[in-house]
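Thank you all for coming. I would like to walk you through one structure this morning, taking the overall form of one chain to begin with and then some strands and a single residue.

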Amino acid sequence: MQRRNFIKQSSIAAAALAVTPSLRAFAGPQETILGHNNKRYRIDTNWGKLDFSRYPVKDCHEMVQDGKGRIILLTNETQNNVIIYDRSGKLITTWGNEYPGAHGLTLFNENGQEVLFICDNSRHQVIKTTLEGRVLLTLDYPKETGQYTKADEYVPTETAIAANGDIYVADGYGKDFVIQYDYLGNYIRHFGGRGDMDENLLNAHGVCIDNRNAGKPQLIVTSRQQNAFKRYTMEGKYIDTIPLPGAWVCRPVINGDHLYAAVLQSSSNLWKESGFVIIMDKDFKVVSNLAGSEPVYNNGKLAEMYQTIKTFQYPHDVCIDDEENIYVAQWNSGHVYPYKLQPVV
Amino acid sequence: MRKIFFCFLYLSFCSVSFCQQKFQLGRPLMQYRSAFFTDTALLEIRFEQQGTKIHFTRDGNNPTVNDAPYTKPIVIKDKITTVKAAAFGANFLPSDVAAITFIKDGLTVKAIHSTNPDDRYGGNGANALIDNSGGFAESSAKTWLGFKNDTVAIEIELKNIVPVKQVLLNFLRDEGSWIFLPEAINVYAYDYKKKQYSFLNNDLPFNGKASSGSSNVYRIISTGKKIKTDKLLVQIITLKKIPEWHEANGNHTWMFIDELKVY
């Protein structure tokens, strides 16, 4: 476009905006809407921004929403490992400075009291706390499995808590086992681990419990370097693999009928800030990629996925609130605070 | 009046840029069976994003909107062809450039032997270097041979005694995964009179500078003079210490190679 035309068109556009300012609140033709089908979102990159000199973040690893509607962020910045926001992004409070490797954050309602489970990569421990940060239980490296000789070999990344309180820990940066404990922290069993069999895992970065089939809960475990989720029974028996070609997928997060997950990066463009977010329906079909390629199935087989818009750098987790907004926490992305995505109706 | 108009224009721009964040597009996806081929290769470029188009070049230049739009898979026939592609769209900043170099088979290799690669990255043994399969810039791709040795020796036996002009080696560069280009490559040809290998030429692939991401890097070493042979020795001197600017500095680097051509 020639410069003169550009100015002319810009001034027309500007005049239109000046005349109808209220239109700006809606998705104009220029606004970037992320996603596909009925899962499309408008992004707010300013949502969680705080005064960095007072409330710094390092890697923003995971987020959950508590029963009061508050959004809880876990970062490995020990000045404030836990940052609690309201839905509008306003800071409510912070706590925690003893979690240098803060990575996994899971919320569980234990007989009416909400508790948090923190996986700490550097401490090689899982720590259960109250919402205010009081420590209730600490799980050390699982020597009972017979698979570990020292704490360093165990680098837990995620927990999932079953309805009966059983704790499942994914050792995603260690030996890739999932270790099951009872609610008191007594070892029950372990499964997964490295190897060439279908039931093995490679970078078991996340774990969650899928309760969408009433009465038949199942475990979904991430095998990130294999670009896949793997399903297991609650007793650790392998069921099947859900391939996600091209996607270095993080933990699965279930909300309503859908499964959401941050994708750290695209296999086709490694270590170049090529992340996006995937959304799957109840049948594990990808229905939308936020900042990623439109999902394509050829004869039922999912084609390789990849980032199409550089909205995110390295998304590490998603949190879906009670109003179906998505919050995205990012790893190694220039100390960026979480983004908020609002559904486009 | 004119002043007021520009003032209005400026304010309007501010308000437009505030509500409309312009993002950069991601890189197009390049799909191919292998970057190494015998007769022809086929490249499919994908970019499933509404309101965007792919443009590409085959001459090594970075693509612009004035270059050929991608409409159908590209057929590759030449000895060495680099295709570069980028995505463009009115509401976005253009993407970074995606690039792949296709490398055609050379003289027939009768046998190939190499220093044993690491157990985890053993590929299909030394034959992986001449199987016309690979060229994916991911360390997890099974076609790469990975080494942590100080020196890697590769002996190549050609079908006949023929003139040899060049040796081509393709490496993986993924410094984030500790995979570096080698410090030096020495090429020798067997001298039947002296009954030993004689040095032909060398190449120094590692330039000391940091790079990000993961990519294929090919190097061509010219034999430097007119020679006829059926036996070559390629000696690869790996970078023994990860440089100071890297978080794993001081550790031994990895060297990933696939594959090798003789022209």
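Before I give any numbers on burial, let me say that a residue counts as buried if 20 or more other C-beta atoms lie within 10 Å of its own, as exposed if 12 or fewer do, and as partly exposed in between, with the C-beta atoms placed from the backbone. By that definition, buried residues make up 45% of the 345 residues in chain A. Please keep in mind that this is a predicted model, in which local features need pLDDT of at least 70 and side-chain atom pairs count only at pLDDT 80 or more, whereas totals for chains, interfaces and linings use all residues. Residues are numbered from 1 along each chain as its sequence is written, and chains are lettered from A and ligands numbered from 1 in the order in which they are written.

Staying with chain A, its secondary structure comes to one helix and 28 strands, where helices (H or I, at least four residues) and strands (E, at least two) are DSSP runs numbered from the N terminus. The radius of gyration of chain A is 21 Å, close to the 20 Å that the globule rule gives for 345 residues, so the chain is as compact as a globular protein of that length; the radius is taken over C-alpha atoms, and the rule is 2.2 Å times the number of residues to the power 0.38. The C-alpha trace of chain A spans about 75 × 50 × 35 Å along its principal axes.

Now to the strands, two of which pair if DSSP finds at least two bridges between them. In chain A, four strands form an open sheet in the order β3-β4-β5-β6, with antiparallel pairing, and its edge strands, each pairing on one side only, are β3 (60-65) and β6 (91-95). Within that sheet, β4 (residues 71-75) and β5 (residues 82-85) of chain A are joined by four bridges, and A:Leu73 has A:Ile83 in β5(A) as its bridge partner.

Elsewhere in chain A, strand β22 (residues 276-280) pairs with β23(A) in the antiparallel sense over four bridges, and A:Met280 is matched there with A:Val286. These two strands form a hairpin with five residues between them, and A:Phe284 in the turn has a positive phi of about 65 degrees. Four of the five residues of β23 (residues 286-290) of chain A are buried, so this strand is largely enclosed by the rest of the structure.

Turning to chain B, there is an open sheet of three strands in the order β1-β3-β6, again with antiparallel pairing, and β1 and β6 of chain B are its edge strands. Which side chains of β3 (residues 41-46) of chain B are buried? B:Ala41, B:Leu43 and B:Ile45 point to one face and are buried, while B:Leu42, B:Glu44 and B:Arg46 point to the other and are not. From that second set, B:Glu44 is the bridge partner of B:Gln31, and B:Leu42 stands opposite B:Val75 in β6(B).

Finally, consider B:His113, which lies in strand β9 (residues 109-114) of chain B and is partly exposed, with 13 other C-beta atoms within 10 Å. B:His113 and B:Ala153 are 40 residues apart in sequence, yet 8.2 Å apart in space, C-alpha to C-alpha. Leaving aside residues up to four places away in sequence, B:His113 touches B:Ala126 and B:Glu155, a contact meaning that the C-beta atoms, placed from the backbone, lie within 7 Å.

Notes. Two residues are in contact if their C-beta atoms, placed from the backbone, lie within 7 Å.
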